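Reader: I should like to learn how to read the features of a structural model, one at a time. May we proceed from the whole chain to single residues?

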Amino acid sequence: MLPNRMNLSKTTEDQLKLLKQRTGISPNVSSRIAFFRSVESGFTYSAESAKKLDGNLVLDKVTWLGDTQLVTELVLKQAYPELDDKETMAAWAAHVEDGIAALRNHKSLLDFSNSL
């Protein structure tokens, strides 16, 4: 499944940090929302379009995924059964990157964060 230590691309990491400044929602929580938003939208990862995972925010799997760890790994395994651990992490990172774009300007996320 996913490796114990995971990171994202620098671009995605920067977008998560910017979202934290705007909403107060930590990068690990917003990455979970972004992942499932991407899956829901029908995005499909391809190794040819994989980006370099060069972000500095390297967290353990439990921190990134929290209570969604099991379901996240099951979704990835069902969608990409042929991938090894490292490739599965790249697929997860691609889904987070895809989903974060939709969250950046999503009014309901800003409204949600203001209600906290």
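Author: The turns that follow take up the overall fold, one helix, a cavity and several residues. Please keep in mind that this is a predicted model.

Reader: How many helices and strands does the chain have, and in what order do the elements run?

Author: The chain has six helices and two strands. Starting at the N terminus, the order of elements is β-α-α-β-α-α-α-α.

Reader: What can be said of burial and of contacts over the whole chain?

Author: Burial is judged by relative accessible area, and buried means under 20%. In this chain of 116 residues, 39% count as buried. For contacts, one may ask how far apart in sequence the partners are. Taking contacts between residues at least 6 apart in sequence, 86% join residues at least 24 apart.

Reader: How does one check the length of helix α5 against the span it should have?

Author: The expected span is 1.5 Å times one less than the number of residues. Helix α5 covers residues 85–104. Its 20 residues should therefore span 28 Å, and the end C-alpha atoms are indeed 28 Å apart, which agrees.

Reader: Which residue caps the N-terminal end of α5?

Author: Aspartate 84 does so, with a side-chain oxygen 3.2 Å from the backbone nitrogen of lysine 86.

Reader: Is histidine 95 buried or exposed, and what does its side chain meet?

Author: Histidine 95 lies in helix α5. Its relative accessibility is 2%, so histidine 95 counts as buried. Its side chain is joined to that of serine 38 by a polar contact of 2.8 Å. Not counting residues up to four places away in sequence, histidine 95 also touches others, including Phe35, Phe43, Tyr45, Leu76 and Tyr80.

Reader: How many cavities of 30 Å³ or more are counted, and what lines the largest cavity?

Author: The count comes to one cavity of 30 Å³ or more. About 50 Å³ of space lies in the largest cavity. Among its lining residues are Leu8, Thr12, Lys51, Leu53 and Glu97. By class, the lining divides into six nonpolar, two polar and two charged residues. Helix α5 gives the most to this lining, with four residues.

Reader: Where is leucine 53 found, and how accessible is it?

Author: Leucine 53 is found in the loop between α2 and β2. Partly exposed is the class between 20% and 50%; leucine 53 therefore belongs there, at 23% relative accessibility. The C-alpha atoms of leucine 53 and asparagine 7 are separated by 6.3 Å, although the two are 46 residues apart along the chain. Leaving aside neighbours within four places in sequence, the contacts of leucine 53 include Asn7, Leu8, Met89 and Ala93.

Reader: Which residues are in contact with serine 30 and with serine 31?

Author: Both serine 30 and serine 31 are found in helix α2. Serine 30 has a relative accessible area of 1% and is therefore buried; serine 31 is likewise buried, with a value of 1%. Leaving aside neighbours within four places in sequence, serine 30 is in contact with Leu16, Leu19, Ile25 and Leu103. On the same basis, serine 31 is in contact with Leu16, Trp64, Trp92 and Val96.

Reader: Which backbone atom does the side chain of serine 31 reach?

Author: The side chain of serine 31 reaches the backbone oxygen of asparagine 28, at 2.7 Å.

Terms used. Residues numbered from 1 in each chain as written. Predicted model: local features only at pLDDT ≥ 70, side-chain atom pairs only at ≥ 80, totals over all residues. Heavy atoms only, no water. Buried < 20%, exposed > 50% of the residue type's maximum accessible area, 1.4 Å probe, protein only. Polar contact = N/O pair within 3.5 Å; in protein donor to acceptor, adjacent residues only side chain to side chain. Contact = heavy atoms within 4.5 Å. 1 Å grid on protein atoms, 1.4 Å probe; cavity = no way out; pocket = protein on both sides within 12 Å on 5 of 7 lines; lining within 4 Å. Points joined across faces, edges and corners; volume = space filled by probe spheres on them. Nonpolar A, V, L, I, M, F, W, Y, C, P; charged D, E, K, R; others polar.
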